[in-house]
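The exercises below are meant to be worked with the sequence and the coordinates open side by side. Each one sets a task and then goes through a solution step by step.

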Amino acid sequence: MKEGRDMKGRTSTSSRKLDHLRICAEGGVEAGSPGFSDVRLVHAALPECSLPAIETEVRFLGHRLASPLFIAAMTGGHPEALPVNRHLAAAAERAGIGMGVGSQRAALEDPDLEDSFTVVREAAPTAFLCANLGVVQLKEHGIEWAERAVEMIDADALCIHANFLQEAVMPEGDHDARGCLGALATLCRDFPVPVILKETGAGISREVAARLWAAGVSAIDLGGLGGTSWAKVEGIRSPGSPAAAMGERFADWGIPTVVSLREVAGTGPVIATGGVRSGLDMARALALGADLCGMALPLLAPAMESEDAVIRAIDGYNRELAIAMFLSGARTVKSMRNVRTWITGTTRQMIRKKQEIPYGG
Ligand SMILES: Cc1cc2nc3c(=O)[nH]c(=O)nc-3n(C[C@H](O)[C@H](O)[C@H](O)COP(=O)(O)O)c2cc1C
């Protein structure tokens, strides 16, 4: 997208980031179904473990995390995003969980906006933090921007986001996706921190996952359909515009999170994001093979309020996860993988269809 500046001298990237925050905070931005309501965990009548002794700790890319809950990339790049990021980061530090920042493009274009990102490492000196850059910006600016993004927050990993659904519905979006896989492979070759490819709400198929592993990514955040819809957000941002009509048309385009998880699980480290709305959803995702469970939208309102509000939300989700693990007879996250599931409805149909198609077909 072409860069300009608004009347306050801020880049259009920066003002767009603020629009996204405000629109998402108002609600009505979700579309489709992630498929979690189609997944049932088999109940263990005699769990043979104690609820207070349930262990939610996990290891991810060499880091120990207190819970598989991951705060998915949301914001930064505007002064109003600074307190939001501070609350999220301080809560991530206290809870011992990982967090991703929003796209750092605005601050890479305008270093005056770096504060809204650097605050994250200040508030979370030891947390597992992920930097964030769009795959199109990676293609245009190469390893230099990737390195600057990581340095800005002393990140432990770098998320490269793919958002071609969002770009395609905007007439002024980035419509040229050629060369992204090559740019990713070049980056992965000898980048100092692990690279995670992240979708933003339309999911990853097993064919795309195979190409990503071959390119050298260390993990995939499958960002499936059923949570925040970027087609919808862009539509709301420009009412009556061509983007609004396209946004509505393509609001539920994509691979639902549970279906995408079934496509990708077991091939490498996976974060399941997109419509994860409870600790029970987290347990379902873990049983289906996720390593971490990302949440963005549910943590936005608490993050706009305070660090304590984010902690309350995280504690609530972790408590639900522990109860689901207990009732499944799984004392550890690792043993959640062995819990049997029943999959019903449309999700079952989509998964069945996949099984009929030979790999690569
Ligand atoms: C307000 C907001 C801003 C976001 N900004 C970014 C971003 O800058 N970069 C990115 O990779 N993902 C971004 N996302 C996408 C999320 O990381 C996540 O993939 C998506 O929202 C699906 O999760 P959810 O259904 O829990 O919201 C944003 C999400 C929200 C709600």
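## Exercise 1: The ligand and its surroundings

Task: In this predicted model, find which polar side-chain atoms and which backbone atom lie beside oxygen atoms of the ligand, and then work out how much of the ligand the protein buries.

Solution. Begin with Asn132, of which a polar side-chain atom lies 2.9 Å from an oxygen atom of the ligand. Continue with Thr228, where a polar side-chain atom is found 2.5 Å from a ligand oxygen atom. Then turn to Leu297, which brings a backbone N or O atom to 3.0 Å from an oxygen atom of the ligand. As for burial, the ligand taken alone exposes 600 Å², and the protein buries 98% of that. To complete the picture, list the surroundings: 23 residues surround the ligand, and the closest are Ala73, Ser103, Lys198, Thr228 and Arg277.

## Exercise 2: Cysteines and disulfides

Task: Establish how many disulfides the structure holds, and explain why Cys180 and Cys188 are not bonded to their closest cysteines.

Solution. The cut-off to apply is a pair of cysteine sulfur atoms within 2.5 Å. For Cys180, the closest cysteine sulfur belongs to Cys188 and is 13 Å away, which is too far for a bond. For Cys188, the closest cysteine sulfur is that of Cys159, at 12 Å, and this too is too far for a bond. The structure accordingly holds zero disulfides. Both cysteines can also be placed by their accessibility, since Cys180 counts as buried at 7% and Cys188 is buried with a relative accessible area of 15%.

## Exercise 3: Positive phi outside glycine

Task: Locate Glu48 and Leu61 in the fold, and decide for each whether the residue is buried, partly exposed or exposed.

Solution. Most residues other than glycine have a negative phi. Glu48, however, has a positive phi near 55°; this residue sits in the loop between strand 1 (39-41) and strand 2 (58-60), and its relative accessible area of 74% makes it exposed. Leu61 is not a glycine either, yet its phi is about 50°; the residue lies in the loop between strand 2 and strand 3 (63-65) and, with a relative accessible area of 25%, is partly exposed.

## Exercise 4: A nonpolar surface patch

Task: Which residues form a nonpolar patch on the surface, and where does Met246 have its place?

Solution. The patch is formed by Met246, Phe250 and Trp253, which together have about 320 Å² of accessible area. Met246 belongs to helix 10 (residues 242-249) and, at 42% relative accessibility, counts as partly exposed.

Definitions and conventions:
Residues numbered from 1 in each chain as written. Predicted model: local features only at pLDDT ≥ 70, side-chain atom pairs only at ≥ 80, totals over all residues. Heavy atoms only, no water. Buried < 20%, exposed > 50% of the residue type's maximum accessible area, 1.4 Å probe, protein only. Patch = residues over 30% accessible without salt bridge, like charges linked within 9 Å, V, L, I, M, F, W, Y side chains within 5 Å. Areas by Shrake-Rupley, 256 points an atom, 1.4 Å probe, with all protein chains shown as cover. Salt bridge = Lys/Arg side-chain N within 4 Å of Asp/Glu carboxyl O. Helix = DSSP H or I, 4+ residues; strand = E, 2+ residues; numbered from the N terminus. Near = heavy atom within 4 Å. Polar contact = N/O pair within 3.5 Å; in protein donor to acceptor, adjacent residues only side chain to side chain.
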